[in-house]
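Work through the following exercises with the sequence and the model open. Each task is followed by a solution in steps.

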Amino acid sequence: MRSLRMPAKFSIIVVTLLIPLMMLLYLYVSRANAYIEFAENESTGVYYHEHVNPLMDAVLQHRGQALLRLLEVEDKTVTNEAASAIEKAFNGLDKVLTERDPFQLKPILSNAKEAWIDAEKTAYTETAQITAKYTKVNDALMEMRRQISEQSSLALDPDVDSYYLMVAATEKLPAMTSNLAPLRGLVAYVAAKPDQAETIRTRIAAFMALIKRDTAEAKDALSRVQKVNPEALKGIDQQVFERTDEYLKLIQNTIMGVEVSGQAKAIYNAGSEVIYAN
């Protein structure tokens, strides 16, 4: 070192100091880019969820009218509006996925379309057929939601409040709705045809048990959010849980007792209110 001239010594010192600084800068930029990529991926997931949600709502509407057709009280205007909404939603998803399909949703969408075509064209003679056909559509759409949540990292958010909020919004609450739809149909059918009660009550009890489980899990997820970040729950109407409990009590009192006392259209409408409040 003594034989080196001052400029050379300064150069060595500067390089020695810059190397760790450059490494720290590289690590910082890499981490920042990872956070940005994670946020962008989540944002893309929310975007795709926004395209699936209207489709699920329209399928539930159409499913309800299929049951009312069986009871000879169908509103054909509502049926046609629901069918148009479903076609529009499918076309919208097709367009979005043609432009970009980062979560490999095309095969699932194809399955959902096939199930929908089958459900729409079937001439139903009993509630079990409606449940079977529309459940296939709903299962495909729920699979699409799961794929979006997992592939977009929405289901892997490291923040406790965001993670459990996503769990409630994209898994537990939709699961409640998925089980409320066939339950609504079964209880309305029993109310219209009390002589069929004994053969259907077991299925009603099973769906009621599933809904109670879904409700408990959704409540648990939201309570965890409440503890960490109460502000995050401002946009969520938690009265849906009370409405669901009231609907289950209504079913217990009017359908599951010794005698059937509920009116088909009234109990169907009560179920619809709970579903669309979710």
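## Exercise 1: Loop residues

Begin with Glu72, which sits in the loop that joins α1 (6-70) to α2 (76-99). The model is a predicted one.

**Task.** What is the phi of Glu72, and is Glu72 buried or exposed?

**Solution.**
1. The phi of Glu72 is near 65 degrees, which is positive in a residue that is not glycine.
2. The relative accessible area of Glu72 is 73%.
3. Exposed residues have over 50%, so Glu72 is exposed.

**Task.** Where is Gln104 found, and which accessibility class does Gln104 fall into?

**Solution.**
1. Gln104 belongs to the loop between α2 and α3 (106-121).
2. Phi of Gln104 is about 55 degrees, again a positive value outside glycine.
3. With a relative accessible area of 45%, Gln104 lies between the cut-offs of 20% and 50% and is therefore partly exposed.

**Task.** Is Thr122 buried or exposed, and which backbone oxygen does the side chain of Thr122 reach?

**Solution.**
1. Thr122 is in the loop between α3 and α4 (127-151).
2. The relative accessibility of Thr122 is 18%; the limit for buried is under 20%, so Thr122 counts as buried.
3. The Thr122 side chain makes a polar contact at 2.6 Å with the backbone oxygen of Asp118.

## Exercise 2: Two pockets

**Task.** Describe the largest pocket by volume, lining and residue class.

**Solution.**
1. The largest pocket holds about 620 Å³ of space.
2. Its lining has 28 residues, and those nearest the centre are Asn53, Arg145, Ala169, Pro174 and Asn278.
3. Two or more lining residues come from each of α1, α4, α5 (160-192) and α8 (264-277).
4. α5 gives the largest share, nine residues.
5. Sorted by class, the lining comprises 16 nonpolar, eight polar and four charged residues.

**Task.** Which element supplies the largest share of the lining of the second largest pocket, and how do its residues divide by class?

**Solution.**
1. The volume of the second largest pocket is about 350 Å³.
2. It is lined by 18 residues, with Asp139, Met142, Arg146, Ala175 and Ser178 nearest its centre.
3. Both α4 and α5 supply at least two of these lining residues.
4. The largest share, nine residues, is from α4.
5. The lining of the second largest pocket splits into five nonpolar, seven polar and six charged residues.

## Exercise 3: Nonpolar cores

**Task.** How many residues are in the largest nonpolar core, and which have the most contacts inside it?

**Solution.**
1. In soluble globular proteins, nonpolar side chains tend to be buried together.
2. Here the largest nonpolar core contains 61 residues, and Leu183, Ile204, Ile251 and Ile255 have the most contacts within it.
3. At least two residues of this core come from each of α1, α2, α3, α4, α5, α6 (197-228), α7 (239-254) and α8.
4. α1 accounts for the largest share of this core, with 11 residues.

**Task.** Which residues does Leu183 contact, apart from its neighbours within four places in sequence?

**Solution.**
1. Set aside the sequence neighbours within four places; Leu183 then contacts Ile204, Phe207, Met208, Ile211, Tyr247, Leu248 and Ile251.
2. Two of these partners, Ile204 and Ile251, are also named among the core residues with the most contacts.
3. A second core, separate from the one above, has 12 residues, including Ala168, Leu222, Leu233 and Val240.

Note on methods: Residues are numbered from 1 along each chain as its sequence is written. This is a predicted model: local features need pLDDT of at least 70, side-chain atom pairs count only at pLDDT 80 or more; totals for chains, interfaces and linings use all residues. Side-chain values use heavy atoms; hydrogens and water are left out. Helices (H or I, at least four residues) and strands (E, at least two) are DSSP runs, numbered from the N terminus. Buried means under 20% relative accessible area, exposed over 50%, partly exposed in between (1.4 Å probe, protein chains only). A polar contact is a pair of N or O atoms within 3.5 Å; within protein, one must be able to donate a hydrogen and the other to accept it, and residues adjacent in sequence count only if both atoms are side-chain atoms. On a 1 Å grid over the protein atoms alone, a cavity is a set of points where a 1.4 Å probe fits but cannot get out, and a pocket is an open set with protein on both sides within 12 Å along at least five of seven lines; lining residues have an atom within 4 Å of a point. Grid points are joined across faces, edges and corners, and a volume is the space filled by probe spheres set on the points. Ala, Val, Leu, Ile, Met, Phe, Trp, Tyr, Cys and Pro count as nonpolar, Asp, Glu, Lys and Arg as charged, and the others, Gly among them, as polar. A nonpolar core is a set of buried Ala, Val, Leu, Ile, Met, Phe, Trp, Tyr and Cys residues joined through side-chain atoms within 4.5 Å. Contact means heavy atoms within 4.5 Å.
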